[in-house]
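Okay, thanks for coming, everyone. I'd like to walk you through one structure today, so have a look at this before I start talking.

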Amino acid sequence: MALCDDIIDYNKKMESYIEKYGNENHVEVKITSYGSGSQLLLNYQKRKFDVIFLDVSMPEMDGFETAEEIRKSDTDVSIVFCTSYYTITNAGKGFEVAAEDFLSKPLLYRKVENILNKIYKKKLLNAEEKLFLKCHDGLITLQLSDIIYIQTENKLLILHTIHGDVQSSQRMSELEKRLSKKQFFRCHNSYMVNFDYVEGVKKDSVLIKDKVQKLKTIPISKYKKEEFMRALARYVGKWEN
């Protein structure tokens with residue numbers, strides 16, 4: 001992992017949190033700290049890091065500018081922005097460089113732990129099989145972990161992914177058979193959700209974070225709510241054990 005913050009104390013605190021995470025989860029971690037974006041870029045090599053924690057506000061080159069340069073050569077590394085002020089503008093800039101998340105300051109171990117759990121869950125899911133889909137001009141391939149939710153609309157299947165929407169001519173029932181044993185659940189005749197993006201449940205709706213980190217409400221059929229809640233509890237429990 002790489003840490004990049006012009007304030008040394010923040011880097012030291014993050015180092016202690018990441019080392020604690022590694023010890024608690026039996027994960028070997030190697031940490032390299034940098035005091036500026038330019039210093040990080042000078043020493044940057046593709047596949048050297050799994051995760052980069054980037055401070056947003058740094059002199060000379062800020063975190064977003066640093067991330068833009070990184071993305072020119074590395075689209076795989078997970079980037080987390082650290083900031084005291086989360087704004088809509090920042091969210092938009094983060095989306096442009098495919099940021100994994102934002103870590104709010106002051107730094108707390110629980111926040112760091114939650115983000116690392118999310119990142120490593122996604123990396124495990126990325127190693128799973130890809131989904132091949134029929135579309136109007138042939139076949140396309142999607143990573144399961146990129147799919148946020150799936151819906152049917154006007155007899156078309158729409159897969160909402162972190163990279164945008166994809167339309168397919170396949171039936172929802174076909175995908176349900178293929179994905180029900182993964183991290184997906186058909187909560188409504190017209191919707192199937194990826195548990196990895198579920199933020200909560202409110203009455204007869206499930207709250208999902210979309211590709212720009214905004215909460216979206218997806219309906220849950222009253223006939224499927226009890227089964228949905230049991231499946232969600234099993235999924236959450238699997239990652240907490």
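I'll go through a sheet, then a helix, and then some individual residues. One thing up front: this is a predicted model.

Let's begin with the sheet. It's an open one with 5 strands, and if you read across you get β10-β9-β8-β12-β11, with antiparallel pairing. At the edges sit β10, residues 164–168, and β11, each of them pairing on one side only. As for the twist, neighbouring strands here are turned by 20° against each other on average, ignoring direction.

Now find β8, residues 147–153, in there. With β9, residues 156–161, β8 shares 6 bridges, running antiparallel. With β12, β8 is again antiparallel, over 3 bridges. A good residue to click on is Tyr149, which stands opposite His160 in β9. Tyr149 also stands opposite Val193 in β12.

On to β12 itself, residues 191–194. Which of its faces are covered? Both are: Tyr191 and Val193 are buried on one side, and Met192 and Asn194 are buried on the other. The partner next door is β11, residues 184–188, antiparallel to β12 over 3 bridges. If you want a register mark for that pair, Phe184 has Asn194 as its bridge partner in β12. The two strands make a hairpin, with 2 residues between them.

There's another loop to look at in this sheet, the one between β8 and β9, where you'll find Asn154. Asn154 isn't a glycine, yet its phi is positive, near 55°. Is Asn154 buried or exposed? Exposed, at 72% relative accessibility.

Glu60 makes a nice companion case. This one is in the loop between β3, residues 51–55, and α3. Glu60 isn't a glycine either, and its phi is positive at about 70°. Its relative accessible area is 80%, so Glu60 counts as exposed.

Okay, the helix I wanted to show you is α4, residues 88–96. Asn90, Ala91 and Gly94 are the buried ones to pick out here. Why do they end up on the same side of α4? Because they cover an arc of only 100° around the axis. Turn to the other side of α4 and you have Ile88, Thr89 and Glu96, which are exposed. And what covers the buried residues? The cover includes α3, residues 63–71, along with β4, residues 78–83, and β5, residues 101–104. Then, just after α4, Ala98 has a positive phi of about 55°.

Keep going along the chain and you reach the loop between β5 and α5, residues 109–126, which holds Pro106. Have a look at the backbone there: the peptide bond from Lys105 to Pro106 is cis, with omega near 5°. Lys105 does something with its side chain too, lying over the face of Tyr10 at 3.9 Å from the ring centre. There's another lysine on a tyrosine in this model: Lys20 lies over the face of Tyr109, at 4.2 Å from the ring centre.

Last topic, and it's aromatics again. How many aromatic pairs does a search of the whole structure find? It finds 10. For a place to zoom in, try the cluster that ring pairs make out of Phe185, Phe195, Phe228 and Tyr235.

That's my tour. Happy to go back to any part of it.

How values were computed: Residues numbered from 1 in each chain as written. Heavy atoms only, no water. Buried < 20%, exposed > 50% of the residue type's maximum accessible area, 1.4 Å probe, protein only. Helix = DSSP H or I, 4+ residues; strand = E, 2+ residues; numbered from the N terminus. Arc of directions from axis to C-beta. Contact = heavy atoms within 4.5 Å. Pairing = 2+ DSSP bridges. Axes fitted to C-alpha atoms, helices over the stretch in contact; angles between N-to-C directions. Phe/Tyr/Trp six-rings, centres within 6.5 Å; stacked < 30°, edge-to-face > 60°. Lys NZ or Arg CZ within 6 Å of the ring centre and 35° of its normal.
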